[in-house]
Amino acid sequence: MSKTVTTLSDGRRLIYFDEVDIAGRIRRRGGLTDTRHLEPATSAAQLRYDVLTGEWVTIAAQRMNRTFLPARDASPLAPTRPGSPPTEIPAAEYDVVVFENRFPALSPRAVATAPVIDGEPLWPQAPGRGGCEVVCFTSDPNACFADLSPRRVRTVIEAWADRTAELSATPGVQQIFCFENRGREIGVTLTHPHGQIYAYPFQPPRTRALIAQARTHAAATGGNLFADVLAAERRSGRRILVAGEHWTAFVPAAARWPLEIHLMPHRDIPDFCALSGAERGELAAIYLQLLQRVDRFFEGVDQTPYIAAWHQAPLGADRPFGRLHLQLFSLMRSPGRMKYLAGSESAVGAWVNDTTPERIADRLREVA
């Protein structure tokens with residue numbers, strides 16, 4: 001794989017991850033010069049502390065007017081083809097590309113703020129410094145992740161590992177989160193196949209909950225929570241979907257979504273950077289298989305909307321209590337019907353699932 005770094009006309013970084021053939025050639029055509037004339041990238045993102053929940057809320061008002069569902073040939077994520085207006089990606093063809101989001105929720109360019117809101121110590125605030133990057137998986141606007149070759153998925157994994165390593169070294173960053181939103185039902189605003197990487201300057205609520213549970217489990221049993229969950233699922237076997245040499249996929253015993261899969265490495269691995277070559281290779285094959293099963297889960301639905309969330313261990317003192325794992329889930333509960341997060345889930349966080357984890361597992365095995 002070849003890595004090439006360039007800069008867009010407003011100062012944002014763009015990185016190509018190109019696959020190299022046996023002759024040392026790459027497929028990408030051009031792409032080092034952004035011909036647009038953009039104003040220098042800036043950010044007014046803020047973090048405001050919610051004293052009632054102990055959580056940080058990101059205020060990113062510049063995102064209100066970001067691009068919304070343009071035609072495929074007008075997508076800012078499309079490659080820049082001859083005769084068409086230039087896009088975020090100057091290359092006409094590429095394999096995988098990563099660049100700083102033009103409308104970031106978090107940015108290294110976030111400007112300083114007063115330490116509190118309205119002079120009230122009860123309401124701390126801070127600049128929204130961190131990172132938001134876009135990962136385009138292919139230059140084909142009509143493809144989806146499940147269409148990719150195992151080699152291309154491996155290239156995406158290498159890109160995730162590269163960005164995790166670099167963003168983890170950013171001062172103040174506490175969590176690196178790689179994810180893909182797929183489908184308009186999920187809220188996708190650009191249909192070109194892509195994912196995102198967030199570098200948070202705080203631990204998001206789910207990470208905090210995972211770490212707290214892992215600490216409590218270790219204190220009570222001396223064991224590793226993730227290892228013990230994986231071992232219990234493997235002993236049961238009832239919800240196992242794939243059992244590989246390095247990875248196991250299963251429907252969690254307390255699944256909260258109508259369709260939910262967890263994928264865990266057998267080793268205690270904090271993030272993508274720590275994966276061996278063999279683990280990365282098997283991950284590419286198993287991940288593709290899972291996404292293809294998800295697309296066959298609902299009869300009459302060709303592309304199931306989903307969120308693929310890659311949880312990595314946080315940075316700092318809590319790092320030993322985290323582990324890399326995938327949480328892959330869909331908000332769709334039946335063809336054409338979505339699970340809406342209404343009063344119980346949205347207001348008080350009390351989850352209600354409309355099916356059982358065992359039925360989910362049975363269906364995912366049926367469509368294997």
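**Domains, core and helices of a predicted model**

Q: How far apart do the C-alpha centres of domain 1 and domain 2 lie?
A: The model is predicted: local features need pLDDT of at least 70, side-chain atom pairs count only at pLDDT 80 or more, and totals for chains, interfaces and linings use all residues. Residues are numbered from 1 along each chain as its sequence is written, and side-chain values use heavy atoms, with hydrogens and water left out. The domain assignment (automatic or from a database) gives domain 1 (2–167 + 176–202) and domain 2 (206–367). The distance between their C-alpha centres is 24 Å.

Q: Where does the largest nonpolar core lie?
A: A nonpolar core is a set of buried Ala, Val, Leu, Ile, Met, Phe, Trp, Tyr and Cys residues joined through side-chain atoms within 4.5 Å; buried means under 20% relative accessible area, with a 1.4 Å probe and protein chains only, exposed over 50%, and partly exposed in between. The largest such core has 62 residues, and F145, W160, F272, Y287 and W310 have the most contacts inside it. Both domains give residues to this core, so it lies between domain 1 and domain 2.

Q: Which helix gives the largest share of this core?
A: Helices are DSSP runs of H or I with at least four residues, numbered from the N terminus. The largest share of the core amounts to eight residues, and they come from helix α4.

Q: Is L283 buried or exposed?
A: L283 is found in helix α4. Not counting residues up to four places away in sequence, L283 touches I157, W247, L263, F272, L275 and W310, where contact means heavy atoms within 4.5 Å. With a relative accessible area of 0%, L283 is therefore buried.

Q: How are α2 and α3 oriented to each other?
A: Axes are lines fitted to C-alpha atoms, for helices over the stretch in contact, and angles run from 0 to 180 degrees between N-to-C directions. The axes of helix α2 (residues 205–221) and helix α3 (residues 225–236) come within 9 Å and cross at roughly 85°. Angles under 35 degrees count as roughly parallel, over 145 as roughly antiparallel, 65 to 115 as roughly perpendicular, and the rest as oblique. The two helices α2 and α3 are therefore roughly perpendicular.

Q: Which residues of α3 make the contact with α2?
A: From α2, the contact takes L210, Q213, A214, H217 and T221. On the other side, the residues of α3 are L225, F226 and D228.
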